[in-house]
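Here are a few exercises to work through with the model open beside you. Try each task before you read its solution.

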Protein chains: 4
Amino acid sequence: MEELIKKLREFAAERDWEQFHSPKNLSMALAVEVAEIIEHFQWLTEDQSRNLDPETLRRVREEIGDVQIYLARLADQLGISPIEAGLEKLEINRKKYPPDKARGKATKSTNFDR
Amino acid sequence: MEELIKKLREFAAERDWEQFHSPKNLSMALAVEVAEIIEHFQWLTEDQSRNLDPETLRRVREEIGDVQIYLARLADQLGISPIEAGLEKLEINRKKYPPDKARGKATKSTNFDR
Amino acid sequence: MEELIKKLREFAAERDWEQFHSPKNLSMALAVEVAEIIEHFQWLTEDQSRNLDPETLRRVREEIGDVQIYLARLADQLGISPIEAGLEKLEINRKKYPPDKARGKATKSTNFDR
Amino acid sequence: MEELIKKLREFAAERDWEQFHSPKNLSMALAVEVAEIIEHFQWLTEDQSRNLDPETLRRVREEIGDVQIYLARLADQLGISPIEAGLEKLEINRKKYPPDKARGKATKSTNFDR
């Protein structure tokens, strides 16, 4: 992650793109890249999405790379470590959703973040 | 990142949530969390988004944590390392956008991924 | 639709909110509202999403209202009629996807727009 | 709107695409199309987004058409009229944000829906 963030700084500086990388703009770029992942899954069943053909998997991998790039760049512009932010959020969720209460519930709580 | 991915596996297994974590569903969760970042920035100017007050910054940090969580989880379900995917994508972009041609251009190419 | 657009103009003018309603900002608001629809569907199966309980349906209806509001407002700011834009796009797609070629194909082309 | 909805039903039936048009899938398609609008605005300033060149405006118009198409289709699958849902939501917001309190405030409340 440190390597990725450092390379993103160089990449933006070499191209004089820092002027475009406000957190506002980067949050928009993040939405665009996530949609490119969704585009691959929108008409698939859940089972199909678990069993991608190699070519689709290769393309989804590139889109995941793009989302990670923009997320790391956005976090860096705000002085945040995305991994640490993730680990801390997970700790909060661990308390909010004790395993015995949350087990197998397909409700809104069935995710990591509420 | 390895630690985060490992903890997410345990978290999902303890709650029997793996059934819900198809790549299709996780891509939707990713869109929801990115929108929670966007919600903070939508009515701000770019300058304001670069100078958040501490409370907003704290909340954006939590949302960035959520996006990192779902991105890591989605990548893990597909057998992908998000950092490696990001580094490789950046290498592709480096060739696609030579600094001297791309410098300061506020076009579609003004991002890491095209 | 004309009534909705007219009321949105009054609503924004009365509150002096036109300053915030740049197309850029409105496109972000649109993403936020769409994510609030997605939030209801993310952990449901496709079948469940076709059979919502009355309370969830009521809430999804409100989110659909919000998306229609921002879409109408964005279109109005750009001098566009969203219904006419939809009808024209559908005509383009009708030619692009002749029924006999596109029948039942769960590919990327399985939507209205490609 | 009635015409658009009717044509969408015919379009889907002729191509046997109803099987793919679950509300879950259509909400994903909606996110993809909104992102295609955002893509045009992400690196523009707010002022630039208010003054698009004719070619960009033409393309944004097509994307707005796509969003209207999927929104109408999603609403139709749930038995909802998107315009009526929008008008009713606006009435709710009118009470929630009295003009004298909400005037010119660049807060989260600076939109139609909270």
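**Exercise 1: the cavity**

The largest cavity has a volume of about 150 Å³. This is a predicted model, where local features need pLDDT of at least 70, side-chain atom pairs count only at pLDDT 80 or more, and totals for chains, interfaces and linings use all residues. Side-chain values use heavy atoms, with hydrogens and water left out, residues are numbered from 1 along each chain as its sequence is written, and chains are lettered from A and ligands numbered from 1 in the order in which they are written.

Task: work out which residues and elements line the largest cavity.

Step 1. Get the rule straight: on a 1 Å grid over the protein atoms alone, a cavity is a set of points where a 1.4 Å probe fits but cannot get out, and lining residues have an atom within 4 Å of a point. Points are joined across faces, edges and corners, and the volume is the space filled by probe spheres set on them.

Step 2. Count: there is 1 cavity of 30 Å³ or more.

Step 3. Look at the lining. It has 16 residues, and A:Ala31, B:Ala31, C:Ala31, D:Ala31 and D:Ala35 sit closest to the centre. Helix H2 (23-41) gives two or more residues in each of chain A, chain B, chain C and chain D; helices here are DSSP runs (H or I, at least four residues), numbered from the N terminus.

Step 4. Sort by type: 16 nonpolar, no polar and no charged. Ala counts as nonpolar.

**Exercise 2: the A–D pair**

Task: find what rotation lays chain A on chain D, and what the two chains bury.

Step 1. Superpose by least squares on the C-alpha atoms of residues with pLDDT (the predictor's confidence, from 0 to 100) of at least 70 in both copies. A rotation of 180° with 0.0 Å of shift along its axis does it, at an RMSD of 0.0 Å. In chain A, the C-alpha of A:Ala35 is nearest the axis, 3.1 Å away.

Step 2. List the contacts (heavy atoms within 4.5 Å): 18 residues from chain A and 18 residues from chain D. The copies meet through the same surface, because 100% of the interface residues of chain A are also interface residues in chain D.

Step 3. Add the area, meaning accessible area (1.4 Å probe) lost on being put together, summed over both parts. That's about 1400 Å², with 71% from carbon and sulfur atoms. On the chain A side, A:Val32, A:Gln42 and A:Trp43 lose the most, together 40% of what that side buries.

How values were computed:
On a 1 Å grid over the protein atoms alone, a cavity is a set of points where a 1.4 Å probe fits but cannot get out, and a pocket is an open set with protein on both sides within 12 Å along at least five of seven lines; lining residues have an atom within 4 Å of a point.
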